[in-house]
Amino acid sequence: MPPRPYVLLSCATSADGYLDDASPERLILSGPADLDRVDEVRAGCDAILVGAQTVRADNPRLLIRDPRRIARRAARGLPAHPARVTLTATGDLDPGARFFAPGALRLVYCATPALSLAAKIKDSAVLIDAGDPVSADFMLQDLAERGVARLLVEGGARVLGDFLAAGRADELNLAVAPFFLGDPAPATAPRLNLPAPIPASPMTLAETRRVGEVALLRYLLGPGGPDHRFLRWAVELSRLCPPSDSAFSVGAVIVGEDGEVLATGFSREQEDHDHAEEVALRKLAQGKPGPDPRLRHATLYSSLVPCGARASRPVTCVAHVVAAGIPRVVFAWREPRLFTDGEGAEQLRAAGVAVTEVPELAERARAVNAHLVGTGA
Ligand SMILES: NC(=O)c1ccc[n+]([C@@H]2O[C@H](COP(=O)([O-])OP(=O)(O)OC[C@H]3O[C@@H](n4cnc5c(N)ncnc54)[C@H](OP(=O)(O)O)[C@@H]3O)[C@@H](O)[C@H]2O)c1
């Protein structure tokens with residue numbers, strides 16, 4: 001069975017946490033720069049999920065806007081636009097909504113008792129009996145079997161809250177607008193109100209960025225604490241690699257002692273033979289006379305063990321890691337003997353680097369390379 005999709009929650013809120021106001025018009029929270037950022041995020045996903053109430057209230061198109069991003073998807077063999085996904089308990093959906101317009105696959109997960117009411121959208125979407133009540137785990141497994149590896153959940157409040165409360169989110173991109181909605185806020189305005197207490201483990205802050213007038217907070221979630229979360233993120237970065245039939249697709253994240261992300265990289269990000277670790281280290285070295293001193297206390301997360309032998313260039317990633325003075329490496333997948341015989345983990349340990357293998361994430365890292373190593377174990 002394919003691993004369940006990586007679930008990325010994305011939303012914009014006012015500074016006091018509202019996703020919308022109570023007026024019939026949609027509240028504009030993002031500016032052009034942030035809408036462009038969301039377009040980029042969408043382009044990197046296989047499917048976009050919104051709740052049925054968002055389909056009814058906002059009538060979103062859920063399309064990629066930038067033709068260059070559509071072209072990039074085509075080059076990677078992906079459809080022009082991600083699939084559109086919604087879920088409903090009532091079946092109350094209008095087949096005239098933009099969600100059902102051609103241009104992308106449409107999937108509707110419907111509670112069993114509402115199937116007959118939802119039959120009106122049967123000619124415009126794939127209508128899926130998702131049980132009673134609708135099971136999020138069934139939906140995620142079904143999406144995985146349909147080839148969805150990366151799912152973007154764009155709201156609304158109930159859907160976001162349910163994913164957070166159920167512990168089914170891997171990442172949250174929260175864009176905070178530079179204004180309050182006001183107090184007293186309208187009682188009916190949706191906000192990130194979780195239906196049940198969520199597990200106590202705090203989220204892992206991976207990025208803060210100014211995007212126009214909006215503050216973007218990128219949090220990593222999910223089980224296993226920071227090590228597993230950063231490693232899952234490294235695996236996601238590997239999906240961005242330009243395709244190759246003769247080299248693995250790998251993602252890497254370097255994190256400082258205080259949890260700050262120092263650099264990220266993925267295979268072939270800058271040059272043809274680039275390895276992910278090499279790119280991340282190169283970015284950190286730019287314009288500096290010697291290795292960044294923060295590397296002496298950093299952890300390198302890599303979806304594949306750093307290479308200990310290499311055909312494409314003289315210096316292996318193990319040698320790069322050791323030369324940079326990185327004391328700790330966490331990886332998901334041991335390199336299969338496909339291109340070289342390098343024993344990266346053993347070489348790192350022999351050089352005094354602490355190495356942690358997370359075999360639970362190996363299948364995710366391997367699945368990104370299924371075109372090289374097949375779909376078996
Ligand atoms: N600021 C942002 O980033 C952002 C993004 C998206 C939306 N929004 C806003 O959010 C508001 C909508 O949020 P909302 O919380 O009211 O609705 P929502 O989360 O969009 O949709 C809720 C609906 O989805 C269906 N649903 C959700 N979970 C389900 C489950 N487990 N089983 C079966 N059906 C399920 C139900 O549909 P049925 O009622 O058909 O049964 C439910 O009523 C709108 O005002 C929109 O503008 C804001």
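Reader: Let's start with α8. Which are the buried residues of α8?

Author: Keep in mind that this is a predicted model. Helix α8 runs over residues 276-285 and is mostly covered, with 7 of its 10 residues buried. The cover over those buried residues includes β10 (251-255), β11 (261-266), β12 (299-304) and α9 (317-324). The buried ones are A276, E277, E278, V279, A280, L281 and L284.

Reader: And what phi does G287 take just after α8?

Author: α8 itself covers residues 276-285, and G287 comes just after that helix. Phi of G287 is positive, at about 75 degrees.

Reader: On to the ligand. Which residues around the ligand come nearest?

Author: There are 24 residues around the ligand. By type, the shell divides into 11 nonpolar, 7 polar and 6 charged residues. The ones that come nearest are D20, T54, R56, T88 and A89.

Reader: Which helix or strand gives the most to that shell?

Author: Four elements each supply at least two residues of the shell: β1 (6-13), α2 (52-58), β3 (83-88) and α6 (157-165). With 5 residues, the one that gives the most is α2.

Reader: How far is the polar backbone atom of G156 from an oxygen atom of the ligand?

Author: Backbone atoms of several residues sit by ligand oxygens. For A52, a backbone N or O atom lies 3.2 Å from an oxygen atom of the ligand. For V159, a polar backbone atom is 3.1 Å from a ligand oxygen. For G156, the distance is 2.9 Å.

Reader: How much of the ligand's accessible area does the protein cover?

Author: Take the ligand on its own, and it has 930 Å² of accessible area. The share of that area covered by the protein is 84%.

Reader: Back to G156 for a moment. Which residue does a cis peptide bond join to G156?

Author: G156 is in the loop between β6 and α6, and its backbone also has a polar atom 2.9 Å from a ligand oxygen. The peptide bond in question has an omega of about 0 degrees. The residue on the other side of that cis bond is G155.

Reader: What about P133: which residue shares a cis peptide bond with P133?

Author: P133 is found in the loop between β5 (126-129) and α5. Omega of its cis bond is about -5 degrees. The partner is D132.

Reader: I see L62 has a positive phi. Is L62 buried or exposed?

Author: L62 is in the loop between α2 and α3, with phi near 60 degrees, a positive value in a residue other than glycine. Relative accessibility of L62 is 2%, and the cut-off for burial is under 20%. So L62 counts as buried.

Reader: And how does N59 count, at 25% relative accessibility?

Author: N59 lies in the loop between α2 and α3 (67-75). Phi of N59 is near 50 degrees, again positive in a residue other than glycine. Buried would need under 20% and exposed over 50%, so at 25% N59 counts as partly exposed.

Reader: Let's look at A149. Which residues does A149 touch, leaving out those up to four places away in sequence?

Author: A149 is in the loop between α5 (136-145) and β6 (150-153). At 24% relative accessibility, A149 counts as partly exposed. One of the residues it touches is D46, which is 103 residues away in sequence but 6.5 Å away in space, C-alpha to C-alpha. The full set is P5, Y6, D46 and R239.

Reader: Zooming out, why does the chain count as being as compact as a globular protein of its length?

Author: The protein chain has 12 helices and 14 strands. For 377 residues, the globule rule gives 21 Å, and the chain is close to that, so it is as compact as a globular protein of that length. Its radius of gyration is 22 Å.

Reader: Of contacts between residues at least 6 apart in sequence, what share joins residues at least 24 apart?

Author: For background, 50% of the chain's 377 residues count as buried, and the C-alpha trace spans about 65 × 45 × 40 Å along its principal axes. Among those contacts, the share joining residues at least 24 apart is 68%.

Reader: Last one: how much of the exposed area do carbon and sulfur atoms supply?

Author: The protein chain exposes about 17,100 Å². Carbon and sulfur atoms supply 56%.

Methods
Residues numbered from 1 in each chain as written. Predicted model: local features only at pLDDT ≥ 70, side-chain atom pairs only at ≥ 80, totals over all residues. Heavy atoms only, no water. Near = heavy atom within 4 Å. Polar contact = N/O pair within 3.5 Å; in protein donor to acceptor, adjacent residues only side chain to side chain. Areas by Shrake-Rupley, 256 points an atom, 1.4 Å probe, with all protein chains shown as cover. Nonpolar A, V, L, I, M, F, W, Y, C, P; charged D, E, K, R; others polar. Rg over C-alpha atoms; globule rule 2.2 N^0.38 Å. Buried < 20%, exposed > 50% of the residue type's maximum accessible area, 1.4 Å probe, protein only. Contact = heavy atoms within 4.5 Å.
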